[in-house]
Amino acid sequence: MLILLPPSEGKADAGTGRRLDLTRLSLPELTPARQEVLAALIGLSGGDEAGALAALGLSVGQRGELARNARLDRATTAPAGQVYTGVLYEALDLASLPAPAQRAARRTVLISSGLWGAVRLTDRIPPYRCPIGAKLPGVGALSAYWRRALAPAMAAAAGDGPVLDLRSGAYAATWAPRGEQAGRTVTVRVLHERDTPTGPTRSVVSHFNKATKGRLVRDLLVAGARPRTAAGLVTALRDLKYTVEEQPTPAGRPRQLDVVVTEL
């Protein structure tokens, strides 16, 4: 099984170990693309401040992010699983997983990134700011850039097992499984159900979405779930007592699931 996660905007303040070495990252076929994006981001962040802030969607009060980006090539690093600190990763709580679940996480999880393309939890990266919606000089729109660069590497990483795709829309657009591989892919939408005077209503709430996805991955890892098919993955989620509703899915497209929650 391959589990695809989005990155988080929240990140650790600094790395704790050796400097960045792109050649040590997983999916080494992405090294040339990573080098190009990294160089473009460093150049942008060290240039015109107003233009860089606009390109990266930052406010004037976040100009410190530019200074950090400008020295990424010599920054200290930490495992990606420690660098990302947002709601999903708080709920996943990697550090507290039992040893077998941690080994499974290292083996099965890939995190999408506007800067790195995709990394594993153990890949050592520095904190950075580079949203997938950014346009970098010489590189252009990152979503389109990674859509071209990622396809072979992601298809190989997915192999012949099921894929649980929990990425947000912008990151999901960087790689979409095709053909038979799409049929083995499951996407998840989290719906918050609550009672109202006129009856139950459902809505998508960002915090519920992220926290539930983190807990869902944690529960699968702790349970030692090793489904061999998309149907087996759906069964595993139901066995973990998640309320799962399958949506009609056209042939050749990933299976779409609604996970319904009533509380965090």
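1. Let me start with a loop residue: D93 sits in the loop between α5 (87-92) and α6 (99-108). This is a predicted model, and in it D93 has a phi near 50°, a positive value in a residue other than glycine. Most residues other than glycine have a negative phi, so a second look at this spot seems fair. D93 counts as partly exposed, because its relative accessibility is 34%, and partly exposed covers the range between 20% and 50%.

2. L27 makes a nice companion to that point. Its phi is also positive, at about 50°, although L27 is not a glycine. The residue belongs to the loop between β1 (2-5) and α1 (31-45). Is L27 buried or exposed? With a relative accessible area of 10%, L27 is buried, since the limit for that label is under 20%.

3. For the overall picture, the protein chain comes to 11 helices and 12 strands. The C-alpha trace spans about 55 × 45 × 35 Å along its principal axes. The radius of gyration is 19 Å, and a compact globule with 264 residues would have one near 18 Å, so the two agree. Of those 264 residues, 49% count as buried. Among contacts with a separation of 6 or more, 68% are between residues 24 or more positions apart.

4. Now to the interior. The largest nonpolar core has 79 residues, and L5, W116 and L136 are the ones that touch the most other members. L5 is found in strand β1 and is buried, with a relative accessible area of 0%. Leaving out residues up to four places away in sequence, L5 touches L88, Y89, L92, V109, L110, I111, S112, L166, R167 and V217. A99, 94 residues from L5 along the chain, has its C-alpha atom 21 Å from that of L5.

5. W116 deserves its own paragraph. The residue counts as buried, because its relative accessibility is 0%. Which residues is W116 in contact with, leaving aside its neighbours within four places in sequence? They are L20, L22, L25, L30, R34, L38, Y84, I125, P126, Y128 and W146. Two of these names, Y84 and Y128, come back in the next point.

6. On the aromatic side, the count comes to 4 aromatic pairs. Y84 and Y128 form an edge-to-face pair, 6.4 Å centre to centre with 90° between the planes. This pair links distant parts of the chain, 44 residues apart: Y84 is in the loop between α4 (80-83) and α5, and Y128 is in the loop between β5 (124-125) and β6 (135-136). Both partners are tucked away from the surface by the accessibility criterion: Y84 counts as buried at 2%, and Y128 counts as buried at 3%.

7. Y128 also pairs with W116. Their ring centres are 5.6 Å apart and their planes are at 80°, so this pair is edge-to-face. W116 lies in the loop between β3 (109-113) and β4 (117-120) and Y128 in the loop between β5 and β6, so the pair ties together parts that are 12 residues apart in sequence. Ring pairs link Y84, Y89, W116 and Y128 into a cluster. To round off the surroundings of Y128, the charged end of K11 sits over its ring, 4.6 Å from the ring centre.

8. N69 is worth a look as a polar residue in the interior. Where does N69 lie? The answer is helix α3, residues 64-70. N69 is buried, because its relative accessible area is 0% and the label applies under 20%. A polar atom of the N69 side chain lies 2.8 Å from the backbone oxygen of R129. Neighbours within four places in sequence aside, N69 is in contact with L41, I42, S45, L56, Y128 and R129. Y128, from the aromatic cluster, therefore also appears among the contacts of N69.

9. A last stop is P100, in helix α6. P100 counts as exposed, because its relative accessible area is 52% and the label needs over 50%. T201 is 101 residues from P100 along the chain, and their C-alpha atoms are separated by 39 Å.

Methods. Residues are numbered from 1 along each chain as its sequence is written. This is a predicted model: local features need pLDDT of at least 70, side-chain atom pairs count only at pLDDT 80 or more; totals for chains, interfaces and linings use all residues. Side-chain values use heavy atoms; hydrogens and water are left out. Helices (H or I, at least four residues) and strands (E, at least two) are DSSP runs, numbered from the N terminus. Buried means under 20% relative accessible area, exposed over 50%, partly exposed in between (1.4 Å probe, protein chains only). A polar contact is a pair of N or O atoms within 3.5 Å; within protein, one must be able to donate a hydrogen and the other to accept it, and residues adjacent in sequence count only if both atoms are side-chain atoms. Contact means heavy atoms within 4.5 Å. A nonpolar core is a set of buried Ala, Val, Leu, Ile, Met, Phe, Trp, Tyr and Cys residues joined through side-chain atoms within 4.5 Å. Rings of Phe, Tyr and Trp (its six-membered ring) pair if their centres lie within 6.5 Å; planes under 30 degrees apart count as stacked, over 60 as edge-to-face and the rest as tilted. A charge sits over a ring if NZ of Lys or CZ of Arg is within 6 Å of the ring centre and within 35 degrees of the ring normal. The radius of gyration is taken over C-alpha atoms; the globule rule is 2.2 Å times the number of residues to the power 0.38.
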